[in-house]
Amino acid sequence: MTAITLDGVATASAVKSELASRITDLRANGVVPGLGTLLVGDDPASRSYVAGKHRDCAEVGIESIRVDLPASATTADVRAAIRDLNSAREVTGYIVQLPLPTGHDENAMLELIDPDKDADGLHPTNLGRLVLGIEGELRSPLPCTPAGIVEMLQRYDVPIRGQHVTVIGRGLTVGRPLGLLFTRKGLDATVTLTHSRTQDLAAEVARADIVVAAVGVPHMVKAEWVKPGAAVLDVGITRVADEETGKGRLTGDVDPAVAEVAGHLSPNPGGVGPMTRAMLLANVVKAAEIKLHGR
Ligand SMILES: Nc1nc2c(c(=O)[nH]1)N[C@@H](CN(C=O)c1ccc(C(=O)N[C@@H](CCC(=O)O)C(=O)O)cc1)CN2
């Protein structure tokens with residue numbers, strides 16, 4: 001068996017096309033969606049992700065406002081930048097790019113974001129609404145990677161209801177919110193959230209219909225662990241030196257041999273990453289629509 005590829009580039013492109021008409025409507029009604037980004041320091045990966053977010057905005061007609069602070073920025077500087085983004089009229093939603101450099105308290109900074117402008121769904125109020133299972137008008141923006149994973153599975157008609165999902169990694173942007181999202185009413189999966197202290201990871205993966213690997217350990221998920229036909233989403237990414245050329249290349253958490261066992265496989269790069277970016281745009285558009293129509 002060779003797995004069906006969950007193509008994040010093509011799926012993100014479809015999402016972006018669908019957003020374009022909503023953005024046109026917003027603009028016609030005098031609301032210009034604007035995404036702000038706050039980047040602190042000079043981590044090359046974060047720089048590249050932020051640059052990608054601005055390119056995406058330009059592609060779909062969202063304005064983008066970039067605030068970059070040097071690695072020497074103090075917590076007071078970061079607070080001031082967040083305060084400015086909260087009050088900037090042209091910013092309808094924004095993100096604080098994570099991770100922040102060592103020495104900054106990420107949770108404290110996320111808490112300063114105006115929840116109505118939280119394009120990442122990572123403010124405690126918005127995460128709280130996810131925990132509370134609030135639906136309808138008060139439903140909060142969803143964290144982008146979890147939202148992108150679910151969107152991609154649904155667009156490929158991969159069953160979720162009643163399925164067993166094993167998530168590897170309990171981080172803030174992927175594992176923890178993803179567990180909440182999959183168990184939400186309407187999605188109705190059963191989730192095992194695993195982490196570095198999980199005793200028998202292979203066994204937890206083996207019983208999963210859907211596996212999400214988000215740890216950043218190259219090729220950690222082995223083909224022998226995976227139930228034949230399972231959907232496997234490779235989220236963690238590590239830059240390693242190519243053995244032949246010595247040049248840097250990107251490697252996911254999933255061993256390539258998994259493609260021979262899985263039913264669906266999202267590659268890395270080219271899978272969940274582009275969906276993360278597309279879901280950010282969707283959150284910005286949704287926030288702008290709320291600004292126009294109210295909740
Ligand atoms: N405030 C946030 N910080 C971080 C988030 C987040 O959702 N909000 N997630 C990640 C980084 N991230 C977005 O910020 C992100 C990661 C990867 C990609 C992506 O498109 N990856 C490409 C490969 C990129 C490359 O060549 O390096 C792919 O998978 O094809 C987009 C966004 C942590 N921080």
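**View 1. The second largest pocket of this predicted model, with a lining drawn from two domains.** The lining of the second largest pocket takes at least three residues from domain 1 (31-123) and at least three from domain 2 (143-274). This pocket has a volume of about 1100 Å³, and 45 residues line it, with S140, P141, A282, N283 and K286 lying nearest its centre. Among the helices, α1 (8-28), α5 (124-132), α6 and α9 each supply at least two residues of this lining, and the largest share, 10 residues, comes from α9. Sorted by character, the lining of the second largest pocket holds 17 nonpolar, 10 polar and 18 charged residues.

**View 2. The largest pocket and the elements that line it.** About 1300 Å³ of space lies in the largest pocket, and of the 47 residues in its lining, Y49, Q97, T145, I237 and T276 are the closest to its centre. The elements that give two or more residues to this lining are the helices α2 (44-60), α6 (144-155) and α9 (272-293), together with the strands β4 (93-96) and β9 (237-241). Helix α2 provides the largest share of the lining of the largest pocket, namely seven residues. That lining divides into 23 nonpolar, 16 polar and eight charged residues, and at least three residues of the lining come from each of domain 1 (31-123) and domain 2 (143-274).

**View 3. Helix α7 and its covering elements.** Helix α7 spans residues 175-182 and is mostly covered, with six of its eight residues buried. The buried residues of α7 are G175, P177, L178, G179, L181 and F182. What covers these buried residues includes the helices α5 and α6, as well as the strands β5 (164-168), β6 (190-194) and β7 (210-213).

**View 4. The surroundings of E204 in helix α8.** E204 has its place in helix α8, which comprises residues 201-206. The side chain of E204 is joined to the side chain of R207 by a polar contact of 3.0 Å. When residues up to four places away in sequence are not counted, E204 touches T166, T192, T194 and T198.

Notes:
Residues are numbered from 1 along each chain as its sequence is written. This is a predicted model: local features need pLDDT of at least 70, side-chain atom pairs count only at pLDDT 80 or more; totals for chains, interfaces and linings use all residues. Side-chain values use heavy atoms; hydrogens and water are left out. Helices (H or I, at least four residues) and strands (E, at least two) are DSSP runs, numbered from the N terminus. A polar contact is a pair of N or O atoms within 3.5 Å; within protein, one must be able to donate a hydrogen and the other to accept it, and residues adjacent in sequence count only if both atoms are side-chain atoms. Contact means heavy atoms within 4.5 Å. On a 1 Å grid over the protein atoms alone, a cavity is a set of points where a 1.4 Å probe fits but cannot get out, and a pocket is an open set with protein on both sides within 12 Å along at least five of seven lines; lining residues have an atom within 4 Å of a point. Grid points are joined across faces, edges and corners, and a volume is the space filled by probe spheres set on the points. Ala, Val, Leu, Ile, Met, Phe, Trp, Tyr, Cys and Pro count as nonpolar, Asp, Glu, Lys and Arg as charged, and the others, Gly among them, as polar. Domain bounds come from an automatic or database domain assignment. Buried means under 20% relative accessible area, exposed over 50%, partly exposed in between (1.4 Å probe, protein chains only).
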